[in-house]
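Here's a walk through one protein model, with the pockets up front and a handful of residues after that. Have the viewer open as you read.

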Amino acid sequence: MPALGASTDFETLLALADGVMLTGSPSNVHASLYGQEVLDLSLPQDAARDATTLPFIRAALKRGIPLLAICRGFQEVNVALGGTLHQAVHNVAGMADHRERKDQSLEQQYAASHRVRLEPGGQLARILGGASDIMVNSLHGQGIAQLAPSLVAEARADDGLVEAYRVANASSFALAVQWHPEWRLAENPDSVRLFKAFGEACHNYKNQR
């Protein structure tokens with residue numbers, strides 16, 4: 001979806017949708033949207049996307065449209081629902097550096113780089129066939145500080161950083177991951193299962209409208 005701004009007729013757009021996927025981006029959610037000042041002004045911002053996606057997220061969840069959020073999208077949902085972010089995870093005591101190396105090839109940047117532990121019995125663990133942990137890629141400088149009240153952690157990195165969550169009271173599929181499952185999707189069985197679950201939720205929503 002293009003960044004259209006706060007004046008967008010979200011209800012008209014959502015009336016056409018069977019599902020919503022929020023993608024990653026080089027830009028960050030503006031810190032003012034979760035009560036902070038921007039710490040590094042050299043990092044890219046995208047005010048038009050912020051003005052579009054945050055109200056769009058709330059409207060989509062209200063309608064019960066299936067939602068899958070990835071990377072920046074993962075951070076957007078948390079902020080839209082009242083959570084906060086670490087602006088530089090690598091500067092937080094006890095946290096690892098989750099950023100990619102810019103001097104590496106895309107193949108290296110998007111390769112699996114660390115483990116996430118799945119919540120036993122959680123939605124993501126069920127989708128992934130009862131797995132207790134998986135390996136994921138990591139290309140983010142920011143991350144969850146305070147999880148929004150309506151969100152439930154589904155996976156964490158070994159340093160404790162939330163890497164996946166679900167919307168607790170959502171009437172349909174509403175799951176977000178910090179990593180990029182879309183990278184070489186067909187080659188990763190975990191990613192295939194995740195997108196299959198999202199696709200099935202979209203199909204069911206369409207049939208029940």
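## The second largest pocket

Which residues lie nearest the centre of the second largest pocket? In this predicted model, they are M135, N137, H180, N188 and S191, out of a lining of 20 residues. Two elements each give two or more residues to that lining: strand 5 (133-136) and helix 6 (189-208).

As for what the lining is made of, 12 of its residues are nonpolar, four are polar and four are charged. The volume of the second largest pocket comes out at about 260 Å³.

## The largest pocket

The largest pocket has a volume of about 650 Å³. Its lining runs to 32 residues, and P26, N28, L43, H140 and G141 are the ones nearest the centre. Sorted by class, that lining holds 12 nonpolar, 15 polar and five charged residues.

N28 is a good one to click on. You'll find N28 in the loop between strand 1 and helix 2. N28 counts as buried because its relative accessibility is 11%, and buried means under 20%. Leaving out residues up to four places away in sequence, N28 touches L43, P44, Q45, D46, D50, R72 and Q142. One of those partners, Q45, is 17 residues away along the chain, yet the two C-alpha atoms are separated by 5.3 Å.

## Helix 2

Helix 2 covers residues 47-63, which makes 17 residues. From first C-alpha to last, helix 2 reaches 25 Å, close to the 24 Å expected at 1.5 Å a residue. Right after helix 2 comes G64, with a positive phi of about 80°.

Which residues of helix 2 are buried? The list is R49, D50, T52, T53, L54, F56, I57, A59, A60 and L61. The cover over them includes helix 1 (10-14), strand 1 (20-22), strand 2 (67-70), helix 3 (72-80), strand 8 (162-167) and strand 9 (174-177). When you look down the axis, keep in mind that an α-helix has 3.6 residues a turn, so residues three or four places apart point the same way.

## Helix 3

Helix 3 is mostly covered, with nine of its nine residues buried. Those are R72, G73, F74, Q75, E76, V77, N78, V79 and A80. R72 has already come up as a contact of N28, and helix 3 itself is part of the cover over helix 2. After helix 3 there's another glycine with a positive phi: G82, near 105°.

## H114 and Q123

H114 sits in strand 4 (residues 114-118). Is H114 buried or exposed? H114 is buried, because its relative accessibility of 16% falls under the 20% cut-off. Skipping residues up to four places away in sequence, H114 touches H98, I134, M135, V136, N137, S138, A157 and E163. M135 and N137, two of these contacts, are also among the residues nearest the centre of the second largest pocket.

Q123 belongs to helix 5 (residues 123-127). With a relative accessible area of 17%, Q123 is buried too. Apart from residues up to four places away, Q123 touches E154, R166, F173 and L175.

## Cysteines

How many disulfides does the count come to? The count comes to zero. Two cysteines worth a look are C71, buried with a relative accessible area of 7%, and C202, which counts as buried at 14% relative accessibility.

## Around the end of helix 6

Q208 is in helix 6, and Q208 is exposed, with a relative accessible area of 68%. The C-alpha atoms of Q208 and V152 are 26 Å apart in space, with their positions 56 residues apart in sequence.

R209 is found in the segment after helix 6. What does R209 contact, leaving aside its neighbours within four places in sequence? Its partners are L14, A15, L16, A17 and D18. R209 and D18 are 191 residues apart in sequence, but their C-alpha atoms are 9.0 Å apart in space.

How values were computed. Residues are numbered from 1 along each chain as its sequence is written. This is a predicted model: local features need pLDDT of at least 70, side-chain atom pairs count only at pLDDT 80 or more; totals for chains, interfaces and linings use all residues. Side-chain values use heavy atoms; hydrogens and water are left out. On a 1 Å grid over the protein atoms alone, a cavity is a set of points where a 1.4 Å probe fits but cannot get out, and a pocket is an open set with protein on both sides within 12 Å along at least five of seven lines; lining residues have an atom within 4 Å of a point. Grid points are joined across faces, edges and corners, and a volume is the space filled by probe spheres set on the points. Ala, Val, Leu, Ile, Met, Phe, Trp, Tyr, Cys and Pro count as nonpolar, Asp, Glu, Lys and Arg as charged, and the others, Gly among them, as polar. Helices (H or I, at least four residues) and strands (E, at least two) are DSSP runs, numbered from the N terminus. The expected span of a helix is 1.5 Å times one less than its number of residues. Buried means under 20% relative accessible area, exposed over 50%, partly exposed in between (1.4 Å probe, protein chains only). Contact means heavy atoms within 4.5 Å. A disulfide is a pair of cysteine sulfur atoms within 2.5 Å.
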